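Here's a quick tour of the model in front of you, with some notes on what to trust. Take a look at the sequence and coordinates before reading on.

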Amino acid sequence: MDANGETASLKKRKREPKDEPSPLKRHRSKSKSKSQANGSPSKEMKSLVQSTVSISHPADDDMELSGTLTTRNELAQVPSAAWKVSNPMGGRMLDIDPIFSPDEQYLIITYNTSIQVYSTVDSLLVRRIALPLATSEPGANLSAVHIVASALSKTSPDHVWVASTDGRIRHINWTSGAGVDAPFTIETKKLLDMVVESAEFGDTTKDVLIVLQKLTGSTAQIVAYDDKALSAREGKLLHTCDEAPRLVRSAANGKLIVAAAKATLHIGLLKKRKATNSLDDLEYRFYSFNAPDLVACMDIRATTRTTKKGAIELGQVDLVIGGARGAIYLYNDVVSKLPSDGFNSSKSGSIQPRKSHWHRQAVHSVKWSADGNYLISGGYEAVLVLWQLDTNKLDFLPHLSATIENIVVSPGGSSYAIHFDDNSAMVLSTEEMKPTTYVSGIQSLVLSDQPSKEAMVRRVWKAPDEISTPLVTAVNPLNSSQILLCVGNGQQATLGGAELSTPQLQVFDISSCQGVAKHAIARTNPTDANITSQGAPIVEPRATKLAFSQDGKWLASVDEWQPPERDTEAFVTGSKTADQVCHERREIYLKFWKVGSEASSLELVTRVNEAHHTNQPETIFDLVSDPTSPRFATIGNDGLVRFWTSKLRRRDGLATTGHDGQQLRMWSCSRVVPLPTSVKQDSSIQPGVKRCRSGALAFSEDGSILFAAFGEPSEATIVAIDTETGSFRDVVYGMFRGEVRGIRSLGSCLIMLSEDLAVYDIVSDELLYSFSLKETSKSAKNLTQLAVNYESRSFALAAPIPNTNQDKMKKGMKSELVVFSLGDQEPKLVQTFPQLITSVLSAVSSAGYIIVDSAAQIWSVTEGAEQAPLLQPLANLGISEGVGAEMEVEHMENVLEDGEASDEEMQDVDMDGDMEEDYDTHPAVVAPQRLAEIFNVAPAFAMPPIEDIFYQVAGLFSAKPVQP
Amino acid sequence: MAAEVLPLAQLKLPTGPSPVTPEQRYWKSFRNQKSHTSTAAWPISHISFPSTGATTSNSLVAATKINDLFAVTSGPRVDIFSIRKREPLKTIGRFDSEAHCGEIRADGRVLVAGEDSGRMQVFDVGGGTRAVILKTWHIHKQPVWVTKWSPTELTTLMSCSDDKTVRLWDLPSNTPSRMFTGHSDYVRSGCFMPGGGINILVSGSYDETVRVWDARAPGGSVLTFKHADPIEEVLPLPGGTTLLAAAGSAISVLDLVAAKPLRLITNHQKTVTSLSLASNGRRVVSGSLDGHVKVFETSSWNVVSSSKYPSPILSLSVVAAGSTQEDRHLAVGMQSGVLSLRTRLSGTAAEKARERAAEQAARDIGPDALERLDAQKANRKRKVLSSKAMDRLGENVDVVIPTQPTTTVVNADGKVVTRRPKHRKKLKQWQRDFREGRYATALDQVLDTSHPEYFPVTALTLLVALRHRSALREAIEGRDEVTVLPLLRWVGKHLSDSRYVGVCVDAAFHLLDLYGEYVGGSDELAKQFAALCASVSREVEKATMAMITSGMVESLMIGGTE
């Protein structure tokens, strides 16, 4: 907050004390008892004066400051000793091949903001290496900077090379995280792709980076760099291609380079030389020819042979490309078919490939198997296709969770790493096609850096480039480290256009940073084709609201579906627009779920088809849960507040029981409270002209009052409803400017969010303070969110920082989080986030907030000395490498000894050796959260006896007896 | 990982105002009605079968297990029926006047019945077509309406008579062992209380009281409940603490421990004439002169099922049989002299009935279907045999490898559960067509009303799924005059159902859009469109009427509040 009390997204309401408080014209109508108590005019006046005084401030400043971005430096001056923001965790896996370490013990995955190293044995995060992507230079277009390639160093397997679009290349030791802060920078407009090869220069072997960099609008150069050249920023130009090339690949120690530019392939062969002493001695002969389709992905399989003289020369080279239209083209022994007349820049020649077509849309990844007998490919169909080349036989691994983005064959060839579009990666063993490692991050929508491979061809759909709706989330009240997010099937969910599909609920454990489970809470079609015959994606329902009951046993959700406009052309008649027609056919469901232990299972108990309806289903504005009893309340566009309670399910007066004899419950509406509509609307009934109304709900902390805000823009009223009787305790008018976006109750105060943020004391009838928000566009308004933490008596507001250049919530937009303590109008924390905040959650049973951003990262905001509940990578915990695996072996021994000890107490240890081997080959895989459950039950001083803990851990690791 | 292919789930429609409950389904399963008309159409006054009650001796238990008899009293006759065959075995006609309350003893050997003349007779039931009179009492001077055996003692019985007395009898002696006086009018109903041995009796009289008698206590009744109407029937619940009494058209539930009425059930329109226990005492069935049979559950006395008979009901009984005493017949005796027997098949009998039905259906379709059915049967038989062989094999080998692979799963509680993979349901043809994108073919199949598996809701399920998949238009377009008609007919037929109307409207829009221009060229098409138009205008008319009514009601409401 700067000197005039302004943050990047908030502006203090300026009002001179003598001003007519017109925007806050307030009329109170009270129940009798109250109006006698404090409804006297003098009191009213006094409170108004108080409120205006409290919000006044030095008037000498210019209040119409443009919303310039508050930079981090300025923020550092804000005294926020009490509140702190943790480092982010998670992120979104990029469309870059994951890297196996040479021993296949680790999987290195490139995220949008970090490199993360996972152990393949137990799927645990070993190290997270954050990459500072933002340049220090002002004016740099931040949105453009992203990582484009990462590759393992050929000379030292502990290092990876990571290249980002702004031309910076980092040489990072992934075993220690060193090298992040000292990037090499090369001069380029945009770095497009990079591969790493090694070359012998004299006696030394060095890494050579072959970089594809943009030259002009559509041309690009292939440039080679070694470490000297990187420092000198001057590489060796190998070739220039036109038609906007995107991909470069190499094989056989750099003897072969292939670049793909739209439908043209450029193949470069290393010229033979007696000796290469420096980078300048690398020379390539390039050939180019046309491929039958746009190249979406490719893979090279090259063999080398040793000549009689002892030199290594290129043997057979097989090239496979995946087309943007779904076909796979295979060029067998491509080098021998190249025209022999030497350099050929004009695309005269073309080589006839072998075509195989199974994929409906672009092939996202195609790879050779280790032995060269198979091709492995995947794409939008979520099917892993194995092509046996000799027999033309196809094998499928169908119905996977999401679009396959990348496939990598492990160095030994015994497993495949697959990266899915839903932000997860999996290692499959080739023998059984069973997953051995699974890494899954937050699957919410992100603002992606690269266009999808699908977008290479014009499609009937167009992916939106902004996030316009907040992420629907909830925290499990029984397990504070579990958050539930309504997600779609990865980025694919955006393909429906404006209607986002989020039919699934991801249970995400923030303390282990792993997805725990995924449930379908609305209609999904995992086993059916996901496009129509016209090629349009099928729109699935969108979950819009989510709330846990106070006891954590019930979950309520709201989902909406409406047919896409393209289906409704036949229904448009008369004066109806397509939009209205779609609206009439909406399906809005309110669902109540019984939550199993640890949110591992959800059972649909009741589905209410049209909870709020007039002559058509109406939007449910808000769904809240009573903080004191299992009860929910909803407010809809029909002007009703409905209370929902559970009751025993009866049939003819008999309680029905489930399979195991427990009594079944069902949810039903226990009370309907019609809200008073504004006078204006009553007087002028204009059919057809419907103004869009908005509403919000908040339970008071003791659950005795439900505050309902409802009405047309700027005319919304707040009604305090007695939850016992359903009568109105209080009605407050004129508190909102524009649409109601949220209300929260904290103590005696009501925090209201519209185009203003206002804090109003309901008991003393006093407006404590208010700010007006600066944001401009509709989607920015949607993304403005409010959360309340009862523990710390604070509330947090997250709002996008307005950007004068763009209205859309695109990549590059930032958000601001402002935390207020209830009694204080000076914010406790003002923090700018480099990405859009899509969800703010109040942490359960601790004084903090959890924040999810548009880069699928998760942040924790905590007060005071509290520990952030986020996961620490193993490396940060001070455990040396490989301990993960060793620890298990140790446990195994313990288990073994324990077992033996029961009958032969003094058993000698000499058996341990071979038993250890046995277990070593079959290590038990234990989900990290199971361990966490044991060790995180209580603080250290209140832990159960060490013996109990030991047996619990032993129970986890010992093999389950196989049932006969 | 890879998700399993499941058939398209049937649409769950909102339940209507009265959904069919499992209870109703259970009572509907009493089918195969068989009627007997009594000689000269005498009204059926009483139906009874030996109740098990709290049996004392083992021989008694054995006897009830094999019991196959129930007695039906009508006019001056008592007919003994076989439970298994549902046919009269013998008739006892040795009464001078109207007979009452023919009751078979728990061991199924003897029967007692009262008479209008006041005589009580005990007959031998077993052996011979002509029943032998074993004992005769002529102590009552007025008609005897109730004669009942004690459920525990074989030699004890009770009687109630129009002479306002209730008497307790011992079979060998010629005089009653105890006489209870206190009723001031005809005693028309009575019973031993379960749990009370032979000592506690209950009776209901036309003096509108229910009295509880204790043979150990001297003097009058130990408990009296006064009602508003003459008592027609009393029925104690097996617990021995609750008593039902039919007084006029109401049934009162009386608590003997708290000595107070619990509830008054007023579901019948006319006098309730008979009560019977069912489902091992967990349900009560009542019959009334209004011709209704109602089934009550015994915790909060709600009606769970109800059925109507053509004539006033005088007597009913739910005849239980078998070792588990499950309900076998619903026997209802009517004023018209008709005894209606409805039977519920269970266990092997039900299985056999199903098989026969399937065979008949296959025969109707044709010889191919019959062959297929036979092949299926043979296959099943082979499987049973092989699994049996496997079982036998298991006796002397160490490891048996099951034919079906099992999966071991750790469930939510941390227990290891071995699960046999469920036999995966095969997709039906239309489901497969739908999955593989042949939408029009799939739609044709579900709209085929002649198909044995045709259900309107299946068609609705598919149409809704097509809408969700943006494929409704694709499924409808490209049809010719013949193939478009079934859909047009279906839409016209189901337009009036509020649960179907949304999809019907969409389909109708598409039909009009696609085929409207061909109406001039095809008579049949024009006819169907006209029919559709007519049903739409009918609906519009209904809606208008509803709007008018609601307007009137609203104005009334406003007038009322002011």
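What follows covers confidence, then a helix, a few single residues and an annotated span.

This is a predicted model, in which local features need pLDDT of at least 70, side-chain atom pairs count only at pLDDT 80 or more, and totals for chains, interfaces and linings use all residues. Residues are numbered from 1 along each chain as its sequence is written, chains are lettered from A and ligands numbered from 1 in the order in which they are written, and side-chain values use heavy atoms, with hydrogens and water left out.

**Confidence.** The model comes with ipTM 0.78 and pTM 0.76. For chain B, the average pLDDT (the predictor's confidence in each residue, from 0 to 100) is 86, and 90% of the residues score at least 70. Two stretches of chain B stay under 50, tabulated here with their contacts (heavy atoms within 4.5 Å).

| Stretch of chain B | pLDDT | Contacts beyond four places in sequence |
|---|---|---|
| residues 53–57 | under 50 | six contacts |
| residues 408–415 | under 50 | 12 contacts |

Where pLDDT is low, the predicted coordinates shouldn't be read in detail.

**A helix in chain B.** Helices (H or I, at least four residues) and strands (E, at least two) are DSSP runs, numbered from the N terminus. Helix α10 of chain B takes in residues 501–515, which makes 15 residues. From first C-alpha to last it reaches 20 Å, close to the 21 Å expected at 1.5 Å a residue (that is, 1.5 Å times one less than the number of residues). Its buried residues (under 20% relative accessible area with a 1.4 Å probe, protein chains only; exposed is over 50%, partly exposed in between) include Val503(B), Ala507(B), Leu511(B) and Leu514(B). Among the elements covering the buried residues of α10(B) are α7 (456–468), α8 (472–476), α9 (481–494) and α11 (523–561) of chain B.

**Single residues.** Which backbone angle is unusual for a non-glycine at Arg86(B)? Phi: Arg86(B) has a positive value of about 60 degrees. Arg86(B) sits in the loop between β4 (77–82) and β5 (88–92) of chain B, and counts as buried because its relative accessible area is 15%. Glu104(A), not a glycine either, also has a positive phi of about 60 degrees, in the loop between β5 (99–100) and β6 (106–110) of chain A.

Arg168(A) belongs to strand β11 (residues 168–173) of chain A. Arg168(A) is buried because its relative accessibility is 13%. Its side chain makes a 2.9 Å polar contact with that of Asp166(A) (N or O atoms within 3.5 Å, one able to donate a hydrogen and the other to accept it; residues adjacent in sequence count only if both atoms are side-chain atoms).

**An annotated span.** An unreviewed UniProt entry annotates residues 356–397 of chain A as "repeat: WD"; such annotations may be inferred rather than shown by experiment. In the model, that span is 0% helix and 57% strand, with its end C-alpha atoms 18 Å apart.
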